[in-house]
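Let's work through a few exercises together. Take a look at the structure first, then try each task before you read its solution.

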Amino acid sequence: MRFVHTADWQLGMTRRRLGEDAQARYSAARRDAVAGLGELAARTGAEFVVVAGDVFEHNQLAPQVISQSLEAMRRIAVPVYLLPGNHDPLDAASVYTSRQFIRECPDNVTVLDRDGVHPVAPGVELVAAPWRSKRPTTDLAAAALDGLGPAGDGVRILLAHGGVDSLDPDPTNPALIGSAVIEEALARGIVHYVALGDKHSRTEVGGSGRFFYSGSPEVTNFADIEPDPGHVLVVDIDTTDSRRPVTVSPHRVGRWRFHTVRRRVDTAADIDALADELDRLPDKDRTVVRWALTGTLTVTDRAALDDCLERYSRLLASLEPWDRHTDLAVLPADGEFDDLGLGGFAAAAVEELTTQARGADPQAADDAQAALALLLRLVDHDRGAA
């Protein structure tokens, strides 16, 4: 028996770092990843898809987002089972109980809106632990398993959402999923696989080979937060073997990339090397870049760096500094402004700015450096136009 385990679609998600055009492409990519599960299911022979929470980014969604999301699910063409998570809980404002969702929900989509066992095929049951509020006061997975005996000749799959105590210990969080309870249920054959959602990075829990976060099918953050996104899991449970052995195969479906550039830049050659690195990035319109640069530059080189960053900000989905890992100093070089042909008041102003740029007042130095860099860029622009 084979199925697809996915989670954390968070349809309707926005990223603050994306402009309007890039956000539209990103939203479309998330829907395309969902719709593409139909082709994956057909190619692998998967019988159904389980979504372990956070199908939607939140419950207050624009009607267009709901309609487009449901249309993407319709294209999967095998049964799809949705578990409400912390982003889209079954509260009074739930998207799942809205008139639009009920009216437009395709026949292949089922919301797991009650705790406990859901038969989905002969000999196959899902055990669901849906969220009913954003702050549960108990371990929902343990509650869903409470009172269940071994599955016998059938197959059971637990769908749960949230943190696991063995990975994210927090004694103040009563809703953490207890790994010991899950491991015992697996060992006793109460369930044969645990499909988790909440972590956006593909993650195995414990060493049983039956207890996984699938991660989000499309990247949502950088690698220091989310090291292995962009996958769904195809899960095989061998029903011919009484031990119900499990095989889990990851399939990459994500197309976007969040990339960090770390470099020291002290010279014009260093800036050229940075430009080469940015130029080599594939699929720039689907790539979010943050830069962490350190070094000391002349005003001329800082202006060249600004030109480089401005150019690639027009090509990439997003390009922004990683402020807490960026430390750039700008020190005017001797004679750096001698060839501008300035005289009188303008020359005196440049001399004053140069003194401030080398001064001890950080704010005044930053302002002066920015003013000098802008002056050089404007002069270069005028020379180019001439």
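## Exercise 1: A strand pair

Start with a bridge: Val 124 has Val 155, in E7, as its partner. Keep in mind that this is a predicted model.

**Task.** Find out in which sense strands E6 and E7 pair, and over how many bridges.

**Solution.** Step one: locate the strands, E6 at residues 124–128 and E7 at residues 155–161. Step two: read off the pairing, which is parallel and runs over five bridges. Step three: place the pair in its sheet, an open one of six strands in the order E5-E6-E7-E8-E10-E9, with mixed pairing. At the edges sit E5 (116–121) and E9 (203–204), each pairing on one side only.

## Exercise 2: A salt bridge across the pair

**Task.** Work out whether Glu 125 is buried or partly exposed, and do likewise for its salt-bridge partner, Arg 156.

**Solution.** First, the contact: the side chains of Glu 125 and Arg 156 meet at 2.8 Å, N to O. The two are 31 residues apart, with Glu 125 in E6 and Arg 156 in E7, so the pair links distant parts of the chain. Now the accessibility: buried means under 20% relative accessible area. Glu 125 comes out at 25%, so it's partly exposed. Arg 156 has just 10%, so it counts as buried.

## Exercise 3: The two sides of a helix

**Task.** Helix H6 spans residues 179–187. Which of its residues are buried, and why do they lie on the same side?

**Solution.** List the buried ones: Ser 179, Ile 182, Ala 185 and Leu 186. They share a side of H6 because they cover an arc of only 125 degrees around the axis. What covers them includes helix H5 (140–145), E7, E8 and E10. Then flip to the face turned away from the buried side, and you'll meet the exposed residues Ala 180 and Ala 187. As for its placement, H6 lies across E7, E8 and E10, at about 130 degrees to E10. Just after H6, Gly 189 takes a positive phi of about 75 degrees.

## Exercise 4: The largest core

**Task.** Which residues of the largest nonpolar core touch the most other members?

**Solution.** This core has 31 residues, and the ones to pick are Trp 9, Phe 56, Met 73, Leu 82 and Tyr 96. Next, ask who supplies it: H3 gives the largest share, four residues. Finally, zoom in on Tyr 96: beyond its neighbours within four places in sequence, its contacts include Val 55, Phe 56, Leu 82 and Phe 101.

Key:
Residues are numbered from 1 along each chain as its sequence is written. This is a predicted model: local features need pLDDT of at least 70, side-chain atom pairs count only at pLDDT 80 or more; totals for chains, interfaces and linings use all residues. Side-chain values use heavy atoms; hydrogens and water are left out. A nonpolar core is a set of buried Ala, Val, Leu, Ile, Met, Phe, Trp, Tyr and Cys residues joined through side-chain atoms within 4.5 Å. Buried means under 20% relative accessible area, exposed over 50%, partly exposed in between (1.4 Å probe, protein chains only). Contact means heavy atoms within 4.5 Å. Two strands pair if DSSP finds at least two bridges between them. Axes are lines fitted to C-alpha atoms, for helices over the stretch in contact, and angles run from 0 to 180 degrees between N-to-C directions. The arc is that of the directions from the helix axis to the C-beta atoms. A salt bridge is a side-chain nitrogen of Lys or Arg within 4 Å of a carboxyl oxygen of Asp or Glu.
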